[in-house]
Amino acid sequence: MKTIGMLGGMSWESTASYYKAINEGVNNELGGLNSAKICLYNVNFDEIEKLQHQGKWSETAKILSNAAKSVEAGGADFLIICTNTMHKVAPEIQAEISIPILHIADATATKLVTDGITKVGLLGTRFTMEQDFYKNRLVDNFSIDVLVPIREDQTIIHDIIYNELCKGVINNDSREQYLRIVSDLYTQGAEAVILGCTEIALLINQKDTNVPLYDTTEIHAAQAVKLAMIDDI
(Lines give C-alpha, C1' and ligand atoms only; values in the text may rest on other atoms or scores of the structure.)
Protein backbone atom coordinates (compact mmCIF):
# COMPACT_ATOMS: atom_id res chain seq x y z
CA MET A 1 0.00 0.00 0.00
CA LYS A 2 1.25 3.48 -0.90
CA THR A 3 1.46 6.21 1.74
CA ILE A 4 -1.01 9.01 1.05
CA GLY A 5 0.29 12.50 1.74
CA MET A 6 -2.43 14.87 2.93
CA LEU A 7 -2.04 18.63 2.98
CA GLY A 8 -4.94 19.56 5.26
CA GLY A 9 -6.37 22.08 7.65
CA MET A 10 -8.15 24.19 5.01
CA SER A 11 -10.41 23.81 6.94
CA TRP A 12 -9.84 21.03 9.47
CA GLU A 13 -13.59 20.31 9.29
CA SER A 14 -13.31 19.00 5.74
CA THR A 15 -9.91 17.39 6.41
CA ALA A 16 -11.64 15.24 9.03
CA SER A 17 -14.06 14.12 6.31
CA TYR A 18 -11.11 13.22 4.07
CA TYR A 19 -9.39 11.26 6.84
CA LYS A 20 -12.54 9.27 7.59
CA ALA A 21 -13.35 8.59 3.93
CA ILE A 22 -9.82 7.44 3.08
CA ASN A 23 -9.56 5.07 6.03
CA GLU A 24 -13.01 3.66 5.36
CA GLY A 25 -12.13 3.24 1.69
CA VAL A 26 -8.99 1.27 2.47
CA ASN A 27 -10.83 -0.89 4.97
CA ASN A 28 -13.58 -1.58 2.43
CA GLU A 29 -10.91 -2.75 0.00
CA LEU A 30 -8.81 -4.85 2.38
CA GLY A 31 -11.09 -5.67 5.31
CA GLY A 32 -9.98 -6.75 8.75
CA LEU A 33 -8.15 -4.10 10.72
CA ASN A 34 -6.63 -2.46 7.66
CA SER A 35 -6.48 1.33 7.52
CA ALA A 36 -4.71 3.83 5.31
CA LYS A 37 -1.04 4.75 5.49
CA ILE A 38 -1.21 8.54 5.76
CA CYS A 39 1.25 11.36 6.31
CA LEU A 40 -0.79 14.45 7.21
CA TYR A 41 0.33 18.05 7.59
CA ASN A 42 -2.40 20.26 9.02
CA VAL A 43 -1.77 23.97 8.41
CA ASN A 44 -3.22 26.84 10.44
CA PHE A 45 -6.09 27.98 8.23
CA ASP A 46 -6.27 31.41 9.86
CA GLU A 47 -2.94 32.29 8.23
CA ILE A 48 -4.02 30.96 4.84
CA GLU A 49 -7.45 32.61 4.92
CA LYS A 50 -6.03 36.07 5.64
CA LEU A 51 -3.57 35.78 2.75
CA GLN A 52 -6.32 34.53 0.41
CA HIS A 53 -8.48 37.56 1.02
CA GLN A 54 -5.47 39.88 0.68
CA GLY A 55 -4.68 38.34 -2.70
CA LYS A 56 -1.25 37.21 -1.49
CA TRP A 57 -1.30 33.88 -3.30
CA SER A 58 2.48 33.63 -3.65
CA GLU A 59 2.77 33.71 0.13
CA THR A 60 0.19 30.93 0.50
CA ALA A 61 2.18 28.93 -2.06
CA LYS A 62 5.33 29.25 0.07
CA ILE A 63 3.53 28.05 3.20
CA LEU A 64 1.93 25.10 1.44
CA SER A 65 5.10 24.19 -0.47
CA ASN A 66 7.03 23.97 2.78
CA ALA A 67 4.27 21.84 4.26
CA ALA A 68 4.30 19.61 1.18
CA LYS A 69 8.06 19.13 1.52
CA SER A 70 7.49 17.91 5.08
CA VAL A 71 4.87 15.47 3.85
CA GLU A 72 7.26 14.15 1.20
CA ALA A 73 10.04 13.84 3.79
CA GLY A 74 7.61 11.90 5.97
CA GLY A 75 7.43 9.16 3.35
CA ALA A 76 4.37 10.03 1.26
CA ASP A 77 4.26 8.50 -2.22
CA PHE A 78 1.87 11.13 -3.58
CA LEU A 79 0.06 14.22 -2.31
CA ILE A 80 -3.53 15.34 -2.08
CA ILE A 81 -4.29 18.98 -1.28
CA CYS A 82 -7.44 18.73 0.83
CA THR A 83 -9.14 21.85 -0.53
CA ASN A 84 -10.38 23.01 -3.92
CA THR A 85 -9.38 26.67 -3.63
CA MET A 86 -5.72 26.11 -2.88
CA HIS A 87 -5.27 24.12 -6.06
CA LYS A 88 -4.78 27.63 -7.46
CA VAL A 89 -1.18 27.25 -6.29
CA ALA A 90 -0.84 23.54 -7.09
CA PRO A 91 1.70 24.23 -9.87
CA GLU A 92 3.94 26.13 -7.44
CA ILE A 93 3.67 23.32 -4.89
CA GLN A 94 4.40 20.65 -7.50
CA ALA A 95 7.53 22.51 -8.55
CA GLU A 96 8.93 22.13 -5.02
CA ILE A 97 8.36 18.39 -4.55
CA SER A 98 9.19 15.23 -6.50
CA ILE A 99 6.07 13.21 -5.61
CA PRO A 100 2.98 13.74 -7.81
CA ILE A 101 -0.11 15.71 -6.79
CA LEU A 102 -3.47 14.04 -7.35
CA HIS A 103 -5.42 17.08 -8.56
CA ILE A 104 -8.95 17.43 -7.19
CA ALA A 105 -10.35 18.91 -10.40
CA ASP A 106 -8.91 16.06 -12.48
CA ALA A 107 -10.40 13.44 -10.16
CA THR A 108 -13.79 15.16 -10.29
CA ALA A 109 -13.72 15.71 -14.06
CA THR A 110 -12.78 12.08 -14.69
CA LYS A 111 -15.89 11.02 -12.76
CA LEU A 112 -18.04 13.51 -14.69
CA VAL A 113 -16.75 12.25 -18.04
CA THR A 114 -17.37 8.65 -17.00
CA ASP A 115 -20.95 9.60 -16.16
CA GLY A 116 -21.45 11.41 -19.46
CA ILE A 117 -21.77 14.91 -17.96
CA THR A 118 -20.77 17.65 -20.41
CA LYS A 119 -22.20 20.78 -18.72
CA VAL A 120 -21.87 21.32 -15.00
CA GLY A 121 -22.59 23.94 -12.37
CA LEU A 122 -19.81 24.90 -9.96
CA LEU A 123 -20.18 25.96 -6.33
CA GLY A 124 -17.16 26.95 -4.28
CA THR A 125 -15.38 29.87 -2.72
CA ARG A 126 -15.52 33.12 -4.66
CA PHE A 127 -11.93 32.44 -5.74
CA THR A 128 -12.88 29.10 -7.29
CA MET A 129 -16.03 30.41 -8.97
CA GLU A 130 -14.56 33.69 -10.28
CA GLN A 131 -11.06 32.71 -11.30
CA ASP A 132 -9.97 30.44 -14.14
CA PHE A 133 -7.57 28.01 -12.43
CA TYR A 134 -10.34 25.46 -11.77
CA LYS A 135 -12.92 26.16 -14.47
CA ASN A 136 -10.42 26.24 -17.31
CA ARG A 137 -8.98 22.90 -16.27
CA LEU A 138 -12.40 21.31 -16.75
CA VAL A 139 -12.99 23.09 -20.05
CA ASP A 140 -9.53 22.70 -21.59
CA ASN A 141 -8.59 19.22 -20.39
CA PHE A 142 -11.99 17.50 -20.26
CA SER A 143 -14.28 19.51 -22.60
CA ILE A 144 -16.78 20.13 -19.80
CA ASP A 145 -18.71 23.41 -19.93
CA VAL A 146 -18.94 25.18 -16.57
CA LEU A 147 -21.70 27.43 -15.22
CA VAL A 148 -21.28 29.52 -12.06
CA PRO A 149 -23.92 31.34 -10.01
CA ILE A 150 -24.66 35.03 -10.43
CA ARG A 151 -22.43 37.39 -8.44
CA GLU A 152 -24.94 37.89 -5.60
CA ASP A 153 -25.25 34.14 -5.12
CA GLN A 154 -21.48 33.74 -5.26
CA THR A 155 -21.28 36.08 -2.27
CA ILE A 156 -23.86 34.04 -0.38
CA ILE A 157 -22.00 30.80 -1.07
CA HIS A 158 -18.61 32.27 -0.16
CA ASP A 159 -19.78 33.87 3.09
CA ILE A 160 -21.51 30.71 4.29
CA ILE A 161 -18.35 28.69 3.67
CA TYR A 162 -16.07 30.97 5.68
CA ASN A 163 -18.47 32.19 8.36
CA GLU A 164 -20.30 28.93 9.00
CA LEU A 165 -19.03 25.72 7.43
CA CYS A 166 -15.34 26.23 8.20
CA LYS A 167 -16.41 26.69 11.81
CA GLY A 168 -18.61 23.59 11.87
CA VAL A 169 -21.84 25.62 11.87
CA ILE A 170 -24.71 23.97 9.99
CA ASN A 171 -27.66 26.29 9.34
CA ASN A 172 -30.95 25.17 7.75
CA ASP A 173 -31.52 28.58 6.16
CA SER A 174 -28.10 28.35 4.53
CA ARG A 175 -28.96 24.88 3.25
CA GLU A 176 -32.09 26.26 1.59
CA GLN A 177 -30.05 29.04 -0.02
CA TYR A 178 -27.59 26.53 -1.45
CA LEU A 179 -30.38 24.30 -2.75
CA ARG A 180 -32.03 27.29 -4.44
CA ILE A 181 -28.77 28.10 -6.19
CA VAL A 182 -28.31 24.45 -7.23
CA SER A 183 -31.82 24.50 -8.70
CA ASP A 184 -31.09 27.75 -10.56
CA LEU A 185 -27.97 26.26 -12.15
CA TYR A 186 -29.96 23.19 -13.21
CA THR A 187 -32.61 25.41 -14.76
CA GLN A 188 -29.85 27.17 -16.73
CA GLY A 189 -28.78 23.87 -18.26
CA ALA A 190 -26.31 22.31 -15.84
CA GLU A 191 -26.65 18.53 -15.94
CA ALA A 192 -25.07 18.26 -12.50
CA VAL A 193 -23.47 20.50 -9.87
CA ILE A 194 -19.94 20.21 -8.44
CA LEU A 195 -19.66 20.83 -4.71
CA GLY A 196 -16.37 22.56 -5.42
CA CYS A 197 -15.46 23.43 -1.87
CA THR A 198 -14.61 20.58 0.45
CA GLU A 199 -16.89 21.94 3.21
CA ILE A 200 -20.09 22.15 1.14
CA ALA A 201 -20.93 18.46 1.59
CA LEU A 202 -21.21 19.19 5.31
CA LEU A 203 -24.31 21.25 4.44
CA ILE A 204 -25.98 19.61 1.43
CA ASN A 205 -25.87 16.15 -0.11
CA GLN A 206 -27.69 14.05 -2.67
CA LYS A 207 -30.70 13.29 -0.45
CA ASP A 208 -31.51 17.02 -0.42
CA THR A 209 -32.08 17.40 -4.18
CA ASN A 210 -32.82 15.54 -7.40
CA VAL A 211 -30.06 17.46 -9.16
CA PRO A 212 -26.97 15.22 -9.41
CA LEU A 213 -24.29 16.46 -7.00
CA TYR A 214 -20.57 15.69 -7.25
CA ASP A 215 -18.90 15.87 -3.84
CA THR A 216 -15.25 16.70 -4.52
CA THR A 217 -14.14 15.52 -1.07
CA GLU A 218 -15.68 12.10 -1.59
CA ILE A 219 -14.39 11.78 -5.15
CA HIS A 220 -10.87 12.97 -4.30
CA ALA A 221 -10.62 10.65 -1.30
CA ALA A 222 -11.83 7.68 -3.35
CA GLN A 223 -9.24 8.37 -6.05
CA ALA A 224 -6.54 8.61 -3.39
CA VAL A 225 -7.51 5.18 -2.08
CA LYS A 226 -7.45 3.77 -5.62
CA LEU A 227 -4.02 5.26 -6.29
CA ALA A 228 -2.66 3.92 -3.01
CA MET A 229 -3.60 0.39 -4.06
CA ILE A 230 -1.80 0.25 -7.40
CA ASP A 231 1.77 -0.97 -7.81
CA ASP A 232 3.14 2.05 -9.62
CA ILE A 233 2.29 5.75 -9.79
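Which elements are included in what covers the buried residues of helix 7? I would like to start there, bearing in mind throughout that we are looking at a predicted model.

Helix 7 runs over residues 132-142, and its buried residues are Phe-133, Tyr-134, Lys-135 and Leu-138. The cover over these buried residues includes three helices, namely helix 5 (104-114), helix 6 (126-130) and helix 10 (216-229), together with strand 4 (119-123), strand 5 (145-147) and strand 6 (192-195).

Directly after helix 7 comes Ser-143, which sits in the loop that leads from helix 7 to strand 5. Its phi is positive, at about 55 degrees, although Ser-143 is not a glycine. As background, most residues other than glycine have a negative phi, and most peptide bonds are trans. Ser-143 counts as exposed, because its relative accessible area is 59%, and the cut-off for that class is over 50%.

The second half of that background statement brings me to another place in the chain, where the peptide bond between Met-10 and Ser-11 is cis, with omega at about 0 degrees. Ser-11 belongs to the loop between strand 1 (3-8) and helix 1 (12-30).

Met-10 comes up again when we turn to internal space. A search of the whole structure gives one cavity of 30 Å³ or more, and the volume of the largest cavity is about 80 Å³. Fifteen residues is the size of its lining, and those closest to the centre are Met-10, Thr-83, Thr-125, Cys-197 and Glu-199. By character, the lining of the largest cavity consists of seven nonpolar residues, seven polar ones and one charged one. Helix 2 (45-53) and helix 8 (151-163) each contribute at least two residues to that lining.

Let me take one residue from each of those two helices. In helix 2 there is Glu-47, which is classed as partly exposed because its relative accessible area is 42%. The C-alpha of Glu-47 lies 37 Å from that of Glu-191, a residue 144 places away along the chain. In helix 8 there is Gln-154, and is that residue buried or exposed? With 6% relative accessibility, Gln-154 counts as buried, and, leaving aside residues up to four places away in sequence, Gln-154 touches Arg-126, Met-129, Glu-130, Val-148 and Pro-149.

Thr-85 ties several of these regions together in my account. Thr-85 is placed in the loop between strand 3 (78-81) and helix 4 (90-94), and this threonine counts as buried because its relative accessibility is 4%. Once residues up to four places away in sequence are set aside, Thr-85 touches Gln-52, Trp-57, Thr-125, Phe-127, Thr-128 and Phe-133. With one of these, Thr-128, there is also a polar contact between the two side chains, at 3.2 Å.

I will finish with helix 10, which is part of the cover over helix 7. Helix 10 has 14 residues, and from its first C-alpha to its last it reaches 20 Å, close to the 20 Å expected at 1.5 Å a residue. The N-terminal end of helix 10 is capped by Asp-215, with a side-chain oxygen 3.0 Å from the backbone nitrogen of Thr-217. Thr-217 is itself among the buried residues of the helix, which also include Thr-216, Ile-219, His-220, Ala-221, Ala-224, Val-225, Leu-227 and Ala-228. When reading such a list, it helps to recall that an α-helix has 3.6 residues a turn, so residues three or four places apart point the same way.

Methods: Residues numbered from 1 in each chain as written. Predicted model: local features only at pLDDT ≥ 70, side-chain atom pairs only at ≥ 80, totals over all residues. Heavy atoms only, no water. Buried < 20%, exposed > 50% of the residue type's maximum accessible area, 1.4 Å probe, protein only. Helix = DSSP H or I, 4+ residues; strand = E, 2+ residues; numbered from the N terminus. Contact = heavy atoms within 4.5 Å. Expected span 1.5 Å × (residues − 1). Polar contact = N/O pair within 3.5 Å; in protein donor to acceptor, adjacent residues only side chain to side chain. 1 Å grid on protein atoms, 1.4 Å probe; cavity = no way out; pocket = protein on both sides within 12 Å on 5 of 7 lines; lining within 4 Å. Points joined across faces, edges and corners; volume = space filled by probe spheres on them. Nonpolar A, V, L, I, M, F, W, Y, C, P; charged D, E, K, R; others polar.
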